[in-house]
Amino acid sequence: MQEIQAAILAEIKKYQTIIIHRHMRPDPDALGSQVGLAEILRQSFPEKNIYQVGGSVEGLNYLAEMQTVADESYQGALVIVTDTANAPRISDERYNLGEKLIKIDHHPNDEPYGDLVLVNTHASSCSEIIADFCLAFPEELTITAAAARLLYGGIVGDTGRFLYPATTSHTFEISAELLKYDFDAPKLNRQLEQISRSVAKLSGYVYQNIEVDKKGAGKIILTKELLADFGVVDSETAAVVSLPGQIENVLAWGIFVQQAEGYYRVRLRSKGPVINQLAKKHHGGGHPLASGANAKDLAEVAEIYQEIQTLCQEYQEN
Ligand code: AMP
């Protein structure tokens, strides 16, 4: 790990222009790791051009905004991608126009794209990896309050406020370190957990209508019409994904969110059974207990739910 960290720092020092990407449909960890790193590099190397790029930040503008970068800027540049397991999920496909590519991530390393790869699947979040990286070189890399806020926000986001199993004592150590910087953590926590009235109503719908079988397999379908009735857009469904986990006896669940094109984006979560193999079978992937996939129609939705049921049954029997 230390060798890769040192190799990444050496590349950062070599390049005049560094462009940082993250995954599509960003969450707080994607933005936190991406822009947190950008802020640290700006502070540490004021003479370099450091950019953060990618599509819309969908309701997370309070964390960070993206920058516009011309195609020419990629010439001879170093590109770093954070929090993104697979190349097709990288937001802004120009990521491969640079001279050198570095992947920094905490998902299973299914696709080791990049000339240098720093993957730590034991980290709670990619923000934790970025914080580790910077803290490993205190003489050369400077964390600012803005960077600490972003990284802390990423950790809080990906650990569900330090609740999910990927949270370790090291996660707390890093978080404690970040909290030493001068940013308003209570305000950030409120921003991260704030939901709109529409999402509050949708939450009620999810609690009331989730289907749960005897083995703890949960399923709820959110159709286009339903989302329109609630006045909720796809990105806002992130706020309801973890809710079924609070219900007793719910073990693993899928939230099937219908997209404008008709197919379903599948958001899978688990409190025990490993669900990322299932996700991979359905054009997705992710962590053992938090994955995403796609279902082309209701038949595939039913198939996926059946597979969740089987996983729950097997888990209960072992
Ligand atoms: P989500 O339900 O979108 O919050 O996704 C949960 C996790 O699954 C994320 O950490 C993603 O890395 C992963 N994931 C979601 N969708 C996909 C996909 N289509 N392909 C690969 N991984 C995905």
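Two strands are said to pair if DSSP finds at least two bridges between them. Helices (H or I, at least four residues) and strands (E, at least two) are DSSP runs, numbered from the N terminus. The model is predicted: local features need pLDDT of at least 70, side-chain atom pairs count only at pLDDT 80 or more, and totals for chains, interfaces and linings use all residues. Residues are numbered from 1 along each chain as its sequence is written, and side-chain values use heavy atoms, without hydrogens and water.

Strand E3 spans residues 78-82. E3 pairs with strand E1 (residues 17-21) in the parallel sense, over four bridges. Here Ile-19 stands opposite Val-79. E3 also pairs in the parallel sense with strand E4 (residues 100-105), over five bridges. In E4, Lys-100 is the bridge partner of Leu-78. Five of the five residues of E3 are buried (under 20% relative accessible area, 1.4 Å probe, protein chains only; exposed is over 50%, partly exposed in between). In a regular strand, side chains alternate between the two faces of the sheet. Leu-78, Ile-80 and Thr-82 cover one side of E3, and Val-79 and Val-81 the other.

Helix H2 covers residues 28-44. Of its 17 residues, 14 are buried.

Arg-149 belongs to helix H4 (residues 145-158). Arg-149 is buried yet has no salt bridge (a side-chain nitrogen of Lys or Arg within 4 Å of a carboxyl oxygen of Asp or Glu). The nearest side chain of opposite charge, Glu-39, is 8.4 Å away; Lys and Arg count as positive, Asp and Glu as negative, and His and the chain ends are not counted.

Terms used:
The expected span of a helix is 1.5 Å times one less than its number of residues.
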